[in-house]
Every structure is written in C-alpha cells, then in structure tokens.
Amino acid sequence: MSRAVTRWTYLGLTVLLVGLLVAGSGAATHLEERRCAAAGVVSVVPTAELDGSPDGYDRVDFEELTAEEQRVFRSVRSAGGQALTDRDAIREAVVSYENETYLVAVATASGSCTPWDRERVLVPLVAGLVVSAVGLVLVRGREHD
C-alpha cells in the first residue's frame, strides 16, 4: 500500500494553514497586549525648565542609579528628553547629573491599551489548534490499494 497525494491531502493542508493562522492571531493579540501594558514614556527634563516644583520626588545622584537606569537616563536625555521604553526601566526621581538636575518621570500607556480579554486570546488559540489537528489528519490522505 502506498500513500498518494489526493484531494484530501490538499484539503488537509488548507485546513492546517487556516488553523495555524487563527492560532497565530490569538498569540499575536496576547503579545501586543503584554507589550502595550509594559510600555511607558520616560521623560528626562532639566528642572530649570519645569513650570512646577519637583518637591514630591526623591533626589538621587546619577551614580546611585543602577547600570540599566543610567543607560536609560543617558539614552532618553540624548533622544531629546522623551522616549518609549519599559515602564519599569528607571525610577521616577530628581537626578543630579553633570552639575544639573533632571526630573525623570514615567507616563504609562496602560490607559490606551486594551485590557487582556480571554475571548480575544484563548478562543483563537484553541480553535486554531483544533482546526490544525483536523488538518493534520486530513493531510495524511486516503490509502489506495
């Protein structure tokens, strides 16, 4: 007995592809929601340019920041004072750096993010996996004598 390529094989490949696309859309939705929830806009502004007072913030020297916080501070400062990054990448504080003080503030983007929704993530993932399993069975084709 040999296996031949039949219309069932082509149907199976099509169903498998549809299943993978549906499952991929659920996975992409999940990743996008996680990325958006973790993002923040970091601002590094000289305190001399502030309209209000930075009294409610901790005061730290640049050397007291972690190596990652120092990297984020420098990159945001050199990028014009504002950049999108992980919202936990640096703490909010008034930082003394090169004889000047800067207010480091983080605004989160979570207000504009869609909250995680079970139906938008799990339904496509599960449905896509089920359809893919059916496609795998059909890809095998029918046996011929």
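This report describes the fold, the nonpolar core, the aromatic pairs, the salt bridges and one helix surface of a protein chain, as seen in a predicted model.

**Overall fold**

The protein chain has three helices and seven strands, and these elements follow the order β-α-β-β-α-β-β-β-α-β when read along the sequence. Of the 145 residues in the chain, 30% are buried. The accessible surface comes to about 9,400 Å², and carbon and sulfur atoms account for 57% of that area. When contacts with a separation of 6 or more are considered, 79% of them join residues that are 24 or more positions apart.

**The nonpolar core**

In soluble globular proteins, nonpolar side chains tend to be buried together. In this model the largest nonpolar core has 16 residues, and those with the most contacts inside it are Val42, Val44, Phe73, Ile90, Val95 and Val104. The elements that give two or more residues to this core are strand β2 (39-46), helix α2 (67-78), strand β5 (93-97) and strand β6 (100-108).

Val42 can serve as a point of entry to this region. Leaving aside neighbours within four places in sequence, Val42 is in contact with Val76, Gly81, Gln82, Ala83, Thr85, Ile90, Val104, Ala105 and Val106. Two of these partners, Ile90 and Val104, are also listed among the core residues with the most contacts.

**Aromatic pairs**

A search of the whole structure finds five aromatic pairs. In one of them, Phe73 and Tyr102 meet edge-to-face, with 5.6 Å from centre to centre and 85° between the planes. Because Phe73 lies in helix α2 and Tyr102 in strand β6, this pair ties together parts that are 29 residues apart in sequence. Both partners are buried: Phe73 has a relative accessibility of 0%, and Tyr102 has a relative accessibility of 5%. The two residues also belong to one aromatic cluster, which is formed by Phe62, Phe73, Tyr97 and Tyr102. Phe73 therefore appears in two descriptions of the interior, as a buried residue at 0% relative accessibility and as one of the residues with the most contacts inside the largest nonpolar core.

**Salt bridges**

The count comes to three salt bridges, and the table gives the N to O distance for each pair.

| Acidic residue | Basic residue | N to O distance |
|---|---|---|
| Glu68 | Arg71 | 2.7 Å |
| Glu69 | Arg91 | 3.1 Å |
| Glu98 | Arg77 | 3.9 Å |

Glu68 and Arg71 are three residues apart in helix α2, so about one helical turn separates them. Each of these two residues is partly exposed, Glu68 at 39% relative accessibility and Arg71 with a relative accessible area of 46%.

The side chains of Glu69 and Arg91 also meet in a salt bridge. This pair links distant parts of the chain, with Glu69 in helix α2 and Arg91 in the loop between β4 (82-86) and β5, 22 residues apart. Here the two partners fall into separate exposure classes, since Glu69 counts as buried at 10% relative accessibility, whereas Arg91 is partly exposed at 35%.

For the remaining salt bridge, between Glu98 and Arg77, the closest N and O atoms are 3.9 Å apart. This pair, too, links distant parts of the chain, with Glu98 in the loop between β5 and β6 and Arg77 in helix α2, 21 residues apart. Glu98 counts as exposed at 57% relative accessibility, while Arg77 counts as partly exposed at 34%.

**Helix α3**

Helix α3 spans residues 118-139 and includes Val134, and Ser132 is also placed in this helix. The two residues have contrasting surroundings. Ser132 is buried, with a relative accessible area of 7%, and, not counting residues up to four places away in sequence, Ser132 touches Leu16, Gly19 and Leu20. Val134, in contrast, is partly exposed, with a relative accessible area of 43%, and contributes with Val126 and Val130 to a nonpolar surface patch of about 250 Å². Gly19, one of the residues that Ser132 touches, also has its C-alpha atom 8.8 Å from that of Val134, although Val134 and Gly19 are 115 residues apart along the chain.

Notes
Residues are numbered from 1 along each chain as its sequence is written. This is a predicted model: local features need pLDDT of at least 70, side-chain atom pairs count only at pLDDT 80 or more; totals for chains, interfaces and linings use all residues. Side-chain values use heavy atoms; hydrogens and water are left out. Helices (H or I, at least four residues) and strands (E, at least two) are DSSP runs, numbered from the N terminus. Patches are made of residues with over 30% relative accessible area and no salt bridge: like charges are joined within 9 Å, nonpolar side chains (Val, Leu, Ile, Met, Phe, Trp, Tyr) within 5 Å. Accessible areas come from the Shrake-Rupley method with a 1.4 Å probe; for residues, only the protein chains shown count as cover. A salt bridge is a side-chain nitrogen of Lys or Arg within 4 Å of a carboxyl oxygen of Asp or Glu. Buried means under 20% relative accessible area, exposed over 50%, partly exposed in between (1.4 Å probe, protein chains only). Contact means heavy atoms within 4.5 Å. A nonpolar core is a set of buried Ala, Val, Leu, Ile, Met, Phe, Trp, Tyr and Cys residues joined through side-chain atoms within 4.5 Å. Rings of Phe, Tyr and Trp (its six-membered ring) pair if their centres lie within 6.5 Å; planes under 30 degrees apart count as stacked, over 60 as edge-to-face and the rest as tilted.
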